[in-house]
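Please look through the sequence and the structure below. The text after them takes up a few local features in turn.

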Amino acid sequence: MTTPRPTHRRGRLAAAAGCLAAAALAVTIAVPAAAAGSTLQAAAGETNRYFGTAIAANKLSDGTYTNIANREFNMITAENEMKMDATEPNRGQFSYSNGDRIVNWARQNGKQVRGHALAWHSQQPGWMQNLSGTDLRNAMLNHVTQVASYYKGKIYAWDVVNEAYADGSSGGRRDSNLQRTGNDWIEAAFRAARAADPGAKLCYNDYNTDNWSHAKTQGVYNMVRDFKSRGVPIDCVGFQAHFNSGNPVPSNYDVTLRNFAALGVDVQITELDIEGSGSSQAQQYQGVVQACLSVARCTGITVWGVRDSDSWRASGTPLLFDGSGNKKAAYTSVLNQLNAGGTTNPNPNPTTPTPTDPNPTPTPTNPGGSTPSCTATYSEGQKWNDRFNGTVTIRANTNISSWQSTVTVRSPQKIIATWNGSPTWDSSGNVMTMRPSGSGALSAGQTTSFGFTVQHGGNWTWPSITCSAS
Ligand code: G3I
């Protein structure tokens, strides 16, 4: 199928439009550049998704490892460092040093963090394994509260409960010391996590829940449906996605993801790895990415490690980079599939946290008192049958303390999603004014950008853009 082209030709300059404040200069230039994402995070970002990896704290000193991780991924999960045995090795004594190393590395590099995992039958500290009944229930709830409170504001999504369903044909709960405290232990954990960190998305996470016809998948689905109907605070379901030849990617994976999303939760691929090599491995990876991109509320994909040699099952070479850090065929198939596009996540993931700067840059003052001005450049992004993405890059021509940019679309076009800014709308709904979500201060020559999705209704005309600065 051929994709209709916007009526504007590449390189054409669009006319400047919009009102200019007395002390502001507005310039509008359209320089289209439909660059495909050249890294996993950039390619996933084209549809408002993240691409993540598990990180081990003891590998943060390995330059090859951190270079790849920094370049390719924008969502970080601690592989082991936030688990119950790591964070509460002795009852009431919490230890966050290794978890902090990972969170700090992520935040210093502008990445977000998935928290893994608050309550789990496995990797419990010895003292907890020996508890039961009310004592265990209270210890578990205290653990959830303490750890979620400690990391409050730093976690995009928590795996609140991990792997609570049984394998096999029962479709019921796994027997465990936590389960024996009463069937409501899972919802109790979710309520405690919500109270501790209301800003984090709260996920249930499990494996072997990928095939829609499996009893375990149905069991988890029924729990999530029940939680949603009773107002138990659950926001997302994580699909671990550990595949091998005995447990290949199911052909109905998209059905599973779509059905869960229809319950009103986000879905995320949380621990993806696929044993194998060459084109067959590449094809299976492609299938997983395609399934996620076909479901608007599949908000991101995390692979469970960086290089094959970093994997918990290294002999199965299940990851996207080989032991030397070279990109594998699986990497290329994932990147290409991300760049092929799909549905757009309607609720863009929050922007990456701004690293804490111990010496914050003072608000720039203008040399010689020159009039604050900025330039807005439009570049086209992904295009689909019904909509297209655009990015506006704001460049400060002088030192500026803030900026605002208007984006005017033409009927029947509608802007249906935005990211990296705070939008307001005129009464017609055709003119969006975008302002920075944080400080808008830029030094001369600095740039920032925001993006949006236009549902075009058959009108492929590019929006008009203006920029004004103060
Ligand atoms: O660090 C110690 C080392 O000092 C010691 O010499 C060695 C001896 O066994 O153990 C090392 O710790 C191991 C740790 O991984 C770090 O490599 C633990 O024994 C080992 O049990 C632990 O395995 C982790 C496993 O979870 C534990 O359940 C894997 O790294 C981790 O990838 C894996 O991740 C899980 C997810 O959390 C949940 N879903 C399944 C997934 C794969 O099992």
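The paragraphs that follow cover the ligand site, some backbone features and the packing of three helices.

This is a predicted model, in which local features need pLDDT of at least 70 and side-chain atom pairs count only at pLDDT 80 or more, while totals for chains, interfaces and linings use all residues. Residues are numbered from 1 along each chain as its sequence is written, and side-chain values use heavy atoms, with hydrogens and water left out.

Start with the ligand. It is surrounded by 13 residues, where a residue counts as near if one of its heavy atoms lies within 4 Å. The closest are E79, N80, K83, H116 and E271. Polar contacts are pairs of N or O atoms within 3.5 Å; within protein, one must be able to donate a hydrogen and the other to accept it, and residues adjacent in sequence count only if both atoms are side-chain atoms. A polar side-chain atom of H116 is 2.7 Å from a ligand oxygen atom, and one of N80 is 2.9 Å from an oxygen atom of the ligand. The side chain of E163 has an N or O atom 3.0 Å from a nitrogen atom of the ligand.

H116 also takes part in a cis peptide bond, to A117, with omega about 0 degrees. A117 lies in strand β4 (residues 112-120); strands (E, at least two residues) and helices (H or I, at least four) are DSSP runs numbered from the N terminus. Another cis peptide bond runs from S411 to P412, with omega near 5 degrees. P412 is in the loop between β13 (403-408) and β14 (414-419). In the loop between α1 (40-45) and β2 (50-55) is N48, a residue other than glycine whose phi is positive, near 65 degrees.

Now turn to the helices. Axes are lines fitted to C-alpha atoms, for helices over the stretch in contact, and angles run from 0 to 180 degrees between N-to-C directions. Helix α8 (residues 215-230) packs against α9 at about 15 degrees, with the axes 10 Å apart. The two are therefore roughly parallel (an angle under 35 degrees). In contact, meaning heavy atoms within 4.5 Å, T217, V220, Y221 and V224 of α8 meet T256, N259 and F260 of α9.

The axes of α9 (residues 253-261) and α10 (residues 278-293) come within 9 Å and cross at roughly 30 degrees. That makes α9 roughly parallel to α10. Y253, D254 and L257 of α9 make the contact with V288, A291 and C292 of α10.

Technical notes. Angles under 35 degrees count as roughly parallel, over 145 as roughly antiparallel, 65 to 115 as roughly perpendicular and the rest as oblique.
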